[in-house]
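This report is for a reader who has not met this structure before. Please keep the sequence and the structure in view while reading.

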Amino acid sequence: MPEIRRSRLAVGVLYLSMSAPIGGWAARVPEMRRQIGADDEQWGLANSVPAAGNAMGICVIALLVGRVRGTVLAPSAAAVVLLSAPLTAASTSLTGVVLGLTTWAFAAYVMAVPMGAMALEAQRRCGRPIMGGFDMCFGTGVLAGGAAGAGSAALGVHPVGQLSVTSGLLALALITVARRLPDDPPAPPTRPWRRFDRQILPVAAMAFLSAYITEATILWSSIYVADTLRGGPILGGVAYTAATAAGIAALLLVDRATHRFGAIRLFRASTLLAAIGLGVCLTITSPLAAIIGFALLSIGTACVNPLVYTFAGNQQKLTASEGVSVVEIAQMPGGSIAAPALIGALSGLVGLRIALGSVAVAALLLALLAGRVTPHTAGRGAPRPRRSGP
């Protein structure tokens with residue numbers, strides 16, 4: 001048991017190493033924008049180009065899965081992430097920021113697959129659901145990084161100093177626990193295109209929809225409340241903050257609820273709550289109703305990411321790393337492309353309120369897809385042992 005706790009702690013440090021710099025950077029974005037003298041169009045470009053880093057990361061990880069051990073790949077990529085944060089903050093030109101963010105995005109995607117596989121292996125060793133705890137660790141890291149950024153800004157600390165201290169502390173913690181990281185049991189790698197079989201396609205669709213919902217909430221919840229409903233910037237900020245806090249709070253109960261009710265039953269009930277809650281609140285043109293709706297959406301979809309990773313890790317013909325790579329590949333177009341492009345286009349045609357109805361539809365589709373997950377894939381939340389042959 002002590003060894004299992006140490007491995008869980010080590011994986012938790014990996015999750016913090018990815019998430020805390022994100023929150024710290026987000027809190028200092030206005031200063032970074034002034035530092036490089038970027039206007040709206042230039043800053044939008046600076047944050048759009050790094051999607052190429054995501055694509056490159058997915059391509060690289062698809063080839064490396066099964067060939068490079070996760071205990072080597074994840075800490076190495078984490079080191080690049082921790083270096084990228086302060087180096088990007090030190091940039092004084094648009095080109096430097098774009099290169100920094102692209103490198104950061106590339107390393108984060110290379111890190112994500114072995115990190116997810118390690119979390120699934122830790123869950124298998126525990127014999128009970130714990131993926132919700134890792135997701136909560138990620139959310140807590142983002143909030144802690146944001147709080148550190150806000151506090152540093154108030155004290156007049158430059159973003160480089162703040163992010164250097166954060167990265168240094170996380171690097172020290174990662175070095176301390178690295179040898180405790182659990183490894184995915186070895187198996188001959190499957191060719192990337194053969195991982196998308198009929199059994200995992202519903203899981204890939206879930207990953208796409210989950211990313212669509214998450215990114216839509218990030219991009220549009222504040223705008224909808226502040227501008228469309230004329231609630232003003234304060235209520236707009238409250239909408240996103242309330243949704244984030246509600247989602248993190250719900251993650252406290254996900255593992256226990258999965259163990260008690262079963263993965264499929266919890267997944268279907270929660271996503272139905274999300275779809276109905278947001279759908280009903282969108283019919284009421286009130287900022288308060290919208291805030292409640294986005295909070296219900298976050299509560300209802302809190303279980304989605306942990307269970308999607310678990311479903312991917314329970315595939316009979318794939319290792320946990322290979323299953324996670326399918327999830328990561330499916331999530332990128334849902335979050336990076338579909339959410340901003342589709343909702344933006346629909347908003348121009350029918351208005352943002354109706355366009356956000358697509359988010360409720362996505363949650364409803366998640367509930368329907370739960371019926372396509374086979375019982376052995378669902379399990380009780382803990383992955384099965386991996387195959388040992390082709």
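What follows takes up a buried helix, aromatic pairs, salt bridges, a surface patch and one loop residue.

The model is a predicted one.

**A buried helix**

Helix H13 covers residues 304-313. Ten of its ten residues are buried, so H13 is largely enclosed by the rest of the structure. The buried residues include Val304 at the start of the list, Pro306, Tyr309 and Phe311. Asn305 and Thr310 are also buried, as are Leu307, Val308, Ala312 and Gly313.

**Aromatic pairs**

How many aromatic pairs does a search of the whole structure find? The search finds four. One of them is formed by Trp25 and Trp104, with 6.1 Å from centre to centre and 75° between the planes, an edge-to-face arrangement. Trp25 belongs to helix H1 (residues 2-27) and Trp104 to helix H6 (residues 94-126), so this pair ties together parts that are 79 residues apart in sequence. Both Trp25 and Trp104 are buried.

Tyr224 and Phe294 have ring centres 6.4 Å apart and planes at 75°, so this pair is edge-to-face. Tyr224 lies in helix H9 (residues 201-228), while Phe294 lies in helix H12 (residues 287-300), so the pair links parts that are 70 residues apart in sequence. Are these two residues buried or exposed? Tyr224 has a relative accessibility of 0% and therefore counts as buried. Phe294, at 1% relative accessibility, counts as buried.

**Salt bridges**

Side chains of opposite charge can pair when their charged atoms come close. A search of the whole structure finds five salt bridges. Three of them are set out in the table, among them two that involve Glu121.

| Salt bridge | N to O distance |
|---|---|
| Glu3 and Arg6 | 3.7 Å |
| Arg124 and Glu121 | 2.6 Å |
| Glu121 and Arg125 | 3.2 Å |

Glu121 and Arg125 are both in helix H6, four residues apart, about one turn of the helix. Arg124 and Glu121 also both lie in helix H6, three residues apart, again about one turn. An α-helix has 3.6 residues a turn, so residues three or four places apart point the same way. Glu121 is buried, with a relative accessible area of 5%. Its two partners are described by other values: Arg124 is partly exposed at 29%, and Arg125 is partly exposed at 36%.

Salt bridges that share partners also join Glu3, Arg6 and Arg180 into one network. Within this network, Glu3 and Arg6 are three residues apart in helix H1, so they are separated by about one helical turn. Glu3 has a relative accessible area of 36% and is partly exposed. Arg6 counts as partly exposed too, at 38% relative accessibility.

**A nonpolar patch on the surface**

Which residues form a nonpolar patch on the surface? They are Leu272, Ile276, Val280, Ile284, Val361, Leu364, Leu365 and Leu368, and together they have about 690 Å² of accessible area. Two elements give two or more residues to the patch, namely helix H11 (263-282) and helix H16 (357-369). H16 gives the most, with four residues.

Val280, a member of the patch, is found in helix H11. How far is Val280 open to the surroundings, and what is it counted as? Val280 has 46% relative accessibility and counts as partly exposed. The cut-off for exposed is over 50%, so a value of 46% does not reach it.

**A loop residue**

Arg230 is found in the loop between H9 and helix H10 (232-261). Arg230 has a positive phi of about 55°, although it is not a glycine. Is Arg230 buried or exposed? At 76% relative accessibility, Arg230 counts as exposed.

**Summary**

The helix H13 is largely enclosed by the rest of the structure, with ten of ten residues buried. The pair of Trp25 and Trp104 ties together helices H1 and H6, and the pair of Tyr224 and Phe294 ties together helices H9 and H12. Helix H6 also holds Glu121 and Arg125, which form a salt bridge. On the surface, the nonpolar patch has about 690 Å² of accessible area, and H16 gives the most residues to this patch.

Key. Residues numbered from 1 in each chain as written. Predicted model: local features only at pLDDT ≥ 70, side-chain atom pairs only at ≥ 80, totals over all residues. Heavy atoms only, no water. Buried < 20%, exposed > 50% of the residue type's maximum accessible area, 1.4 Å probe, protein only. Phe/Tyr/Trp six-rings, centres within 6.5 Å; stacked < 30°, edge-to-face > 60°. Patch = residues over 30% accessible without salt bridge, like charges linked within 9 Å, V, L, I, M, F, W, Y side chains within 5 Å. Areas by Shrake-Rupley, 256 points an atom, 1.4 Å probe, with all protein chains shown as cover. Salt bridge = Lys/Arg side-chain N within 4 Å of Asp/Glu carboxyl O.
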